[in-house]
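Biologist: Mind if I quiz you on the labels you put on this model? I'd like to hear the reasoning behind each of them.

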Amino acid sequence: MTKSPKPKPLLQDADKPVRSRPRRRRDPAQPNLSLDPMPDRIEPCLALLKARPPKGDDWVYEIKWDGYRLSVHVEPTAGIRILTRSGHDWTDRFPAIKQAALWLPVGTAILDGEAVVLDQQGRSDFGLLQQSLGGRGGKKSSSDAIFMAFDLLYFDGHDLRNSELDMRRHLLEDLVPAGEQGDIRLSEQIEADGDQLLASACELGLEGIIAKRRRAPYRSGRGGDWLKIKCVQSDGFFIVGYEISMAARGHIGSLLLAARRGDDLVYVGSVGTGFKESTAWQLRGMMDKIKRKTPAIKYVGRRKNVVWLQPTLIAEIEYRAWTDDGKLRHSSFKGLREVQDNADVYEVD
């Protein structure tokens with residue numbers, strides 16, 4: 001099967017090459033003293049969801065990418081390791097990113113970023129990424145995925161986590177220069193008014209923006225140094241059942257969804273759009289393996305032909321708002337989240 005050409009990125013010169021040339025490898029004779037031990041794995045810094053962008057000169061912005069969070073390890077003995085957010089080794093699933101990491105002019109490094117597949121407008125598309133990997137639970141490798149690098153945590157023997165973001169970005173931009181179009185690219189920072197940038201991102205059909213404190217160190221977890229502001233809300237929910245419809249793709253009329261509330265699950269509505277033909281039948285095959293006789297939630301609806309499921313599949317759902325009685329409004333199915341991606345399920349207050 002012929003591989004489709006890489007789309008050109010948003011807001012960039014259309015005449016730039018799609019692929020960068022491999023850069024000069026590091027001189028093996030150059031000293032490479034390991035001043036700090038190289039971490040085997042670093043828990044990622046996570047962005048806290050906010051409704052509006054923050055104000056002030058202490059904040060810088062990036063585009064929010066919709067893919068799989070990864071860390072790329074360039075190591076002296078193991079070579080290249082590509083780890084998911086929860087620490088699973090997916091090196092073999094991203095061969096193009098692995099090859100690009102081998103070309104980086106550095107002895108040891110840990111890059112933080114996101115694996116994405118871009119559509120023809122240069123926007124990250126989670127559905128395309130999942131298709132390239134063979135769907136949820138698939139074992140395919142993806143040569144279409146690229147790595148958008150947005151932080152550098154370890155560099156040639158130096159642990160950079162206590163350094164300010166500005167310093168880490170300065171070193172990252174020397175390692176992955178802006179504008180290059182290889183399989184590892186720089187997620188560029190944007191100096192702009194947050195409200196105006198968010199409006200522009202939404203007009204372009206992007207998922208949203210990320211705000212980061214420029215003088216903050218790298219702290220694992222969701223501490224508030226990074227913020228995410230979305231154009232459209234998108235969260236993970238358990239699939240607890242489906243309504244059969246012989247007229248729909250995969251005979252799935254709608255999926256019944258649940259969020260967490262403490263140790264319990266609570267019904268938050270259903271979704272009946274966003275399914276592609278192949279995705280619907282693949283999803284139906286997964287759901288038919290986890291049927292149960294009684295619902296995992298307290299349900300008082302009047303739907304017919306409902307099949308109840310074990311709450312193990314996590315769907316990424318895009319939606320506009322919540323109703324007064326706690327149901328999703330204008331929801332659309334985006335795909336299934338992977339356990340290896342440490343998928344979060346929405347928590348109801």
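Biologist: Let's start with D156: why is D156 called buried or exposed?

Modeller: Keep in mind that this is a predicted model. The relative accessible area of D156 is 16%, and buried means under 20%, so D156 counts as buried. D156 sits in the loop between β6 and β7 (158-159).

Biologist: What makes the phi of D156 worth a remark?

Modeller: Its sign. Most residues other than glycine have a negative phi. D156 is not a glycine, yet phi of D156 is near 45°, a positive value.

Biologist: Which phi does H330 have, and is H330 buried or exposed?

Modeller: H330 isn't a glycine either, and its phi is positive, about 55°. The relative accessible area of H330 is 58%; exposed means over 50%, so H330 is called exposed. You'll find H330 in the loop between β18 (328-329) and β19.

Biologist: And T312, why does T312 get the label it has?

Modeller: T312 has 44% relative accessibility. The band between the cut-offs of 20% and 50% is called partly exposed, so T312 counts as partly exposed. T312 belongs to the loop between β15 and β16. The C-alpha atoms of T312 and F238 are separated by 6.7 Å, with the two positions 74 residues apart along the chain.

Biologist: How do you know that strand β11 is largely enclosed?

Modeller: By counting its residues. β11 covers residues 233-244, and 10 of its 12 residues are buried, so the rest of the structure largely encloses β11.

Biologist: Which strands pair with β11?

Modeller: Pairing takes at least two bridges. β11 has six with β16 (residues 314-319), antiparallel, and six with β12 (residues 252-261), also antiparallel. Three more join β11 to β15 (residues 306-309), again in the antiparallel sense. If you want residues to click on, G236 has E316 in β16 as its bridge partner, Y242 has L255 in β12, and E243 has V306 in β15.

Biologist: What makes you say that the buried residues of α5 line one face?

Modeller: The buried residues in helix α5 (residues 277-287) are A280, L283, R284, M286 and M287. Seen down the axis of α5, they fall within an arc of 160°, so they line one face of the helix. There's a general reason to look for such spacing: an α-helix has 3.6 residues a turn, so residues three or four places apart point the same way.

Biologist: What do the buried residues of α5 pack against?

Modeller: They pack against β11, β12, β14 (291-292), β15 and β19 (332-336).

Biologist: How do you know where the buried residues of α1 sit around its axis?

Modeller: In α1 (residues 95-103) the buried ones are A96, I97, A100 and A101. They cover an arc of only 140° around the axis, which puts them on the same side of α1. Their cover includes β3, β4, β5 (109-116), β6 (146-155) and β8 (184-186).

Biologist: Why are β1 and β2 said to stand at the edges of their sheet?

Modeller: Four strands make up that open sheet, in the order β1-β10-β9-β2, with mixed pairing. β1 (48-49) and β2 (59-63) each have a single partner strand, so one side of each is left without a neighbour in the sheet. For β1, two bridges lead to β10 (residues 226-230), and the two strands run parallel. L48 stands opposite L227 in β10.

Biologist: How many cavities does the structure hold?

Modeller: There are two of 30 Å³ or more. The largest cavity holds about 80 Å³ of space.

Biologist: Which elements give two or more residues to the lining of the largest cavity?

Modeller: β3 (68-75) and β4 (79-84) do. β3 gives the largest share, three residues. Among the lining residues are R69, L70, S71, L83, T84, D112 and Y218.

Biologist: And for the whole chain, how many helices and strands are there, and what share of the residues is buried?

Modeller: Five helices and 19 strands. Buried residues account for 50% of the 349 residues. As for contacts between residues at least 6 apart in sequence, 70% of them join residues at least 24 apart.

Notes: Residues numbered from 1 in each chain as written. Predicted model: local features only at pLDDT ≥ 70, side-chain atom pairs only at ≥ 80, totals over all residues. Heavy atoms only, no water. Buried < 20%, exposed > 50% of the residue type's maximum accessible area, 1.4 Å probe, protein only. Contact = heavy atoms within 4.5 Å. Arc of directions from axis to C-beta. 1 Å grid on protein atoms, 1.4 Å probe; cavity = no way out; pocket = protein on both sides within 12 Å on 5 of 7 lines; lining within 4 Å. Points joined across faces, edges and corners; volume = space filled by probe spheres on them.
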